[in-house]
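Reader: I would like a close look at a single part of this chain, and then at its wider setting, taken slowly enough that I can follow each step in the structure. Please begin with one loop residue and move on from there.

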Amino acid sequence: MAARVEIDEDNETNKGSMWVLDQKLDQPMDEEAGRLRNMYREKKFSSLLLLRFAFQSLGVVYGDLGTSPLYVFYNTFPHGIDDPEDIIGALSLIIYSLTLIPLLKYVFIVCRANDSGQGGTFALYSLLCRHAKVITIPNQHRTDEELTTYSRSTFHEKSFAAKTKRWLEHQTFRKNALLMLVLVGTCMVIGDGILTPAISVLSASGGIKVDHPHMSNGVVVLVAVVILVGLFSLQHYGTDRVGWLFAPVVLLWFLLIGGIGMLNIWKYDSSVLKAFSPVYIYRYLRRGGRDGWTSLGGIMLSITGTEALFADLAHFPVSAIQIAFTVVVFPCLLLAYSGQAAYLMNHQDHVVDAFYRSIPDSIYWPVFIVATAAAIVASQATISATFSIIKQALALGCFPRVKVVHTSKKFLGQIYIPDINWILMILCIAVTAGFKNQSQIGNAYGTAVVIVMLATTLLMTLIMILVWRCHWILVLIFTALSLVVECTYFSAVLFKVDQGGWVPLVIAAAFLVIMYVWHYGTVKRYEFEMHSKVSMAWILGLGPSLGLVRVPGIGLVYTELASGVPHIFSHFITNLPAIHSVVVFVCVKYLPVYTVPEEERFLVKRIGPKNFHMFRCVARYGYKDLHKKDENFEKKLFDSLFLFVRLEAMMEGCSDSDEYSLYGQQTLHSTDGLLNNNGNSTSSNQDLTMSSVDSIVPVKSPLHVNSTVMSSSQMSSHTETDELEFLNSCRDAGVVHILGNTVVRASRGSKFYKKIAIDYIYAFLRKICRENSVIFNLPHESLLNVGQIFYV
């Protein structure tokens, strides 16, 4: 039979009778797709289960926010209290800060902007990438939008959302500015991962000195460092084994600080409750002048942990987090701060260690132990959030390839990144031992937190317009209120840049350079691959043998291109005299979704006529998926390939047109008979292309195949069997993995900063990051590296 070639077109002119068949096959799949989509939406939980989730969320989500009473008043009044009225004013600021930021903004608004349960700045970015073409690596394809997890809303062309979308997409500068905003927010979250353990553990350890006032500060710092080393050293075990302890510890902590707060209000001064009147905020700021304004940097520490709250959203429904905050966290924090204020009204000279001084003597040591445990839990929450957000950045091409380890078989989101863990530990110990002072660490912490909040506010503005399609007045109200509060705090922390506030700025700047340079290099490499890919006319001109000796075996050529033949392939065949009988171009790409279901992971297509034996396989992952060391990856890839050949043979006689296109998705049940009990399920597609701009179009596997299809399948069974036998024999002959080792260099006429970024920083990052062969778990004996250099 003559080789048939499909012209790749987006139009729908070449439908033929295959279009009718495709429509028939589509009908049962629509219901199945609907059921699949519902699997990934937030489920409705029973009241009892919701309360259980709310209890568990205390340990994971609220540890950081809950330990703030350890250090807020000292950081607000580092030079002592001049006027008792200042205590009332500071308490009033704390009350309204907790109400406006964590309660109203985060718990009831921002948490609703999760990406199918995933939180953090990159989750917001992935939502925006699905609703507008703002992603900077242009490797997206229309079939990606058919994934069951690729949810997005549509809007009218003349709506405000559509105008905003066009404005964002119009210029590359705006896309890069949005990415830069996300990267700044991410870098500040990494800063949180360094500063939270430092200030929480150091503040908790400070309780030793209260009972032993003559003890030197160095001993407290040493205890804090020992705890931090232990905390980071145990990260590789994951939180799964001790996670069940977190919720009871944090619940006990909240009940203790709430109870002690009530006792102190009753015992010392119940008049502090007048702080619920906002008039005391005005009096405090008017009386304090510049000192009162800069003290807002200390007040702001009462709302630290809100960004970690959003980043650690993954394992709990939003309603459970809302219940936990409104029922337990919020009232206990208000009581704790009010109790400390009542104690300080009578003991103004105890502001340095107000929390421990306000504890009744009879329960001092039990509270100290619980406080230390709560500080460790709070630190764990921010470390986990840091790992999570770096994994998301890595998946979207914004972070060098590092080793990512899953620590739990039950929870996909619980990961451990060894390299980042030790970097965090070294920086955390350096901050703790270097400053030795809660106040300076507090200034640094406040700077990091307020910048993350500003980044989240700006991203939320776009989410409300593009995703939620809110009226512009609501968007304006939310943005204006958030910016007024956060810019006020930001202006206050600017005064403390020289008093420790520079630390997160330096840390963030270092990570920002690393992330931006890596992303820039990744984009340039992809653009080079796109512009230099080989035309199909050249491939077809070589003939079925590709102008070489075709030796038995399968060559897997790894490429970043999801379409087209990569330049590395032409480089390979022009320098070597032989090529394998079967060539498969493998592309592993990450999409702006949190996960790609296993049954929809692979797309397969044919390149060129049948007798060329060239295929493409695209493996798609979400930013939460882990491409782990999985020997099954190769097996699943070949299962997809064999399934594609069967489907292709089955559909061959169904149309009188040589140019047809099938599209859709397949489900787990549709492949049972086609995989010969291999138990794997994949998505596959067909596209024989002569165009240099080829596409990937997945074939929909039929659930109910009519007699016409079956008879045509039988007619082509001989051809199918021959090709399957040929593929199996080639697989038995051996599989070789061909990797491209592309070296990027700055061109001679480049400016000096570009040369530094590409020739030194990017080259260094490429040298120290993990090789693709390690990530794909490729055996060294069947690995072939093909090198090439290109200039940008």
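Author: A314 lies in the loop that runs between helix 14 (306–311) and helix 15 (318–346). In this predicted model, A314 has a relative accessible area of 24%, and because buried would require under 20%, the residue counts as partly exposed. Once its neighbours within four places in sequence are left aside, A314 is in contact with G117 and Q118. The same part of the chain also holds N114, which is 200 residues away from A314 along the sequence, yet the C-alpha atoms of A314 and N114 are separated by 8.7 Å.

From there one can turn to the aromatic side chains, of which the model has 18 pairs. In one of them, F122 and Y125, the ring centres are 6.2 Å apart and the planes stand at 85 degrees, and since an angle over 60 counts as edge-to-face, the pair is described in that way. F122 and Y125 both belong to helix 6 (residues 121–131), where they are three residues apart and therefore separated by about one helical turn. Both of these residues are buried.

Another pair, Y356 and F368, is tilted, with 6.1 Å from centre to centre and 50 degrees between the planes. This pair links distant parts of the chain, for Y356 is in helix 16 (residues 354–357) and F368 is in helix 17 (residues 364–395), 12 residues apart. Y356 and F368 are likewise both buried, and they belong to one aromatic cluster together with W253, F355, Y364 and W365.

Charged side chains also meet aromatic rings in this model. The charged end of R112 sits over the ring of W468, at 4.8 Å from the ring's centre, while R283 lies over the face of Y280, 5.1 Å from the ring centre.

Helix 8 (residues 172–205) deserves a look of its own. At 1.5 Å a residue, its 34 residues should span 50 Å, and its end C-alpha atoms are indeed 50 Å apart, so the expected and the computed spans agree. Helix 8 nevertheless bends by about 30 degrees at L195, and a proline, P197, follows within four residues of that point. The helix is mostly covered, with 27 of its 34 residues buried.

Definitions and conventions: Residues are numbered from 1 along each chain as its sequence is written. This is a predicted model: local features need pLDDT of at least 70, side-chain atom pairs count only at pLDDT 80 or more; totals for chains, interfaces and linings use all residues. Side-chain values use heavy atoms; hydrogens and water are left out. Rings of Phe, Tyr and Trp (its six-membered ring) pair if their centres lie within 6.5 Å; planes under 30 degrees apart count as stacked, over 60 as edge-to-face and the rest as tilted. Helices (H or I, at least four residues) and strands (E, at least two) are DSSP runs, numbered from the N terminus. Buried means under 20% relative accessible area, exposed over 50%, partly exposed in between (1.4 Å probe, protein chains only). A charge sits over a ring if NZ of Lys or CZ of Arg is within 6 Å of the ring centre and within 35 degrees of the ring normal. Contact means heavy atoms within 4.5 Å. The expected span of a helix is 1.5 Å times one less than its number of residues. The bend at a residue is the angle between axes fitted to the seven residues ending there and the seven starting there.
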